[in-house]
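Biologist: Before we talk about contacts and backbone geometry, could you put the model on the screen and tell me what each term rests on?

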Amino acid sequence: MNENKKIKVAVIGATGAVGQVFMWKLAQHPWFDVVYATASASRIGLAYSETTHWILPLEMPQEIRDIKMKEFKIKSMQEAGVQIVFSALPAGVAREAEPQLRAAGFYIFSNAAAMRYDSNVPILIPETNYEKLDLIRDQGYPKTGFVVTNANCVTTGLAMALAPLRKFGINTVSINSYQSVSGAGYPGLSSLDIQDNCIPFINGEEEKIEKEIKKILSIDPEVYAFTVRVPVMFGHLETVWLDLDKDVDVDDIEKAWKDFKIETDLPSTPEQPVVYSSEKTFPQQKYSFWGNPSGMVVYTGRLKKKKNKIGFCLMVNNIVKGAAGGSIQNAELFVKKYGLLD
Ligand SMILES: NC(=O)c1ccc[n+]([C@@H]2O[C@H](COP(=O)([O-])OP(=O)(O)OC[C@H]3O[C@@H](n4cnc5c(N)ncnc54)[C@H](OP(=O)(O)O)[C@@H]3O)[C@@H](O)[C@H]2O)c1
């Protein structure tokens, strides 16, 4: 890899919850340089720090404070030398923008659901299905651009915990989620609705889990999901019960998580991507930004066996591993596998 060269990238939807994580994570990225950032038209010309209502529990990095917001214009992005576009747009806006960007030759790494279910568009999580990146060839790469998506945030945590358990044969997945408010973006829900309250419905979320877990892991279990919004800022907690083909013990599950490693070394991948602890009250959403890199580890706990079922809890940072951090990791896999920095 050429250590002195950086790839020019754009962040579209840079001011939202996911966009902020992109800007934070990319500020000091060893391979990527943000040269273009967009949001809605009213922000054009304003400095990023001036126009963004920063919600992350970390200081806004110096490197991004003075970046001027630009118009969403393909020609200007090409003139700026952008190769990779990170998308944090709402699905409806992405549905129009992302095909245009792909046709113009950009490599798009998107958080939006708009193109996730197209058969030639991967829902990529490097630890679980890195081989699916090659679907970009079915979209026309290297002659054209492509779109690579990441999963819905709650599905990402589930896919990470289930990937090393595939060898036991996953027949049924019953999952309940306790999802933070940042999952609804900014400004998101009204505080009058969510303060001191839980809401047992998140539009379209249960259907997304059922559909995406099968596409990501190439398995076909029965999936039973309930998703609940809870008054927590960051992190999604999930409780899971599994029916497995094989008669396994909790020790086998713990070992599978411990041995779970990614094939390729990437800057955004933790050394141990799924970390289990037998501590009684583990994991909790207040550990969302733990780990190295921060927010990229999926934590599991409360492992138990009852009759032939295996149960556990997991916690994923929805806006980091479950969104922008995952997208950056996907772009790193692409750069490494296709030698963009060689
Ligand atoms: N939040 C999560 O945990 C999470 C996890 C996984 C995936 N996702 C997906 O990631 C995407 C972004 O989510 P989010 O939570 O960050 O949403 P958000 O906080 O509402 O941010 C949306 C961003 O898109 C911009 N935008 C909205 N309408 C636009 C338009 N017509 N033209 C140009 N820019 C526009 C907004 O700019 P302004 O600020 O100027 O309006 C903002 O920068 C969504 O598709 C979401 O489903 C979210």
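Modeller: A polar contact is a pair of N or O atoms within 3.5 Å, and the coordinates to which I apply this come from a predicted model.

Biologist: What makes the pairing of the ligand with Ala 17 a polar contact?

Modeller: A polar backbone atom of Ala 17 is 3.0 Å from an oxygen atom of the ligand, and a pair of N or O atoms counts within 3.5 Å, so the pair qualifies as a polar contact. The side chains of two further residues meet that cut-off: a polar atom of Thr 15 lies 2.7 Å from a ligand oxygen, and one of Ser 40 lies 2.2 Å from a ligand oxygen. Of the 900 Å² that the ligand exposes when taken alone, the protein buries 76%.

Biologist: Which residues come nearest to the ligand, and how is the shell around it composed?

Modeller: Among the 25 residues around the ligand, the nearest are Thr 15, Ser 40, Arg 43, Leu 89 and Tyr 186. By class, the shell comprises 14 nonpolar, 10 polar and 1 charged. Helix H1 (17–26), helix H5 (91–103) and helix H11 (320–337) each contribute at least two residues to this shell, and the ligand sits in the largest pocket.

Biologist: Why is the ligand said to lie between domain 1 and domain 2?

Modeller: Residues of the shell come both from domain 1 (7–151 + 323–337) and from domain 2 (153–317), and therefore the ligand lies between them.

Biologist: What makes the peptide bonds before Pro 142 and Pro 283 worth pointing out?

Modeller: Most peptide bonds are trans. The bond from Tyr 141 to Pro 142, however, is cis, with omega near 15 degrees, and Pro 142 belongs to the loop between helix H6 (126–129) and strand E5 (146–149). Phe 282 and Pro 283 are also joined by a cis bond, with omega about -5 degrees, and Pro 283 is in the loop between strand E9 (274–276) and strand E10 (298–306).

Biologist: What is the sign of phi at Asp 196, and where does this residue lie?

Modeller: Phi of Asp 196 is positive, near 55 degrees, in a residue other than glycine, and Asp 196 lies in the loop between helix H8 (191–194) and helix H9 (205–217). Most residues other than glycine have a negative phi.

Key
Residues are numbered from 1 along each chain as its sequence is written. This is a predicted model: local features need pLDDT of at least 70, side-chain atom pairs count only at pLDDT 80 or more; totals for chains, interfaces and linings use all residues. Side-chain values use heavy atoms; hydrogens and water are left out. A residue is near a molecule or strand if one of its heavy atoms lies within 4 Å of it. A polar contact is a pair of N or O atoms within 3.5 Å; within protein, one must be able to donate a hydrogen and the other to accept it, and residues adjacent in sequence count only if both atoms are side-chain atoms. Accessible areas come from the Shrake-Rupley method with a 1.4 Å probe; for residues, only the protein chains shown count as cover. On a 1 Å grid over the protein atoms alone, a cavity is a set of points where a 1.4 Å probe fits but cannot get out, and a pocket is an open set with protein on both sides within 12 Å along at least five of seven lines; lining residues have an atom within 4 Å of a point. A molecule sits in a cavity or pocket if more than half of its atoms lie within 2 Å of its grid points. Helices (H or I, at least four residues) and strands (E, at least two) are DSSP runs, numbered from the N terminus. Ala, Val, Leu, Ile, Met, Phe, Trp, Tyr, Cys and Pro count as nonpolar, Asp, Glu, Lys and Arg as charged, and the others, Gly among them, as polar. Domain bounds come from an automatic or database domain assignment.
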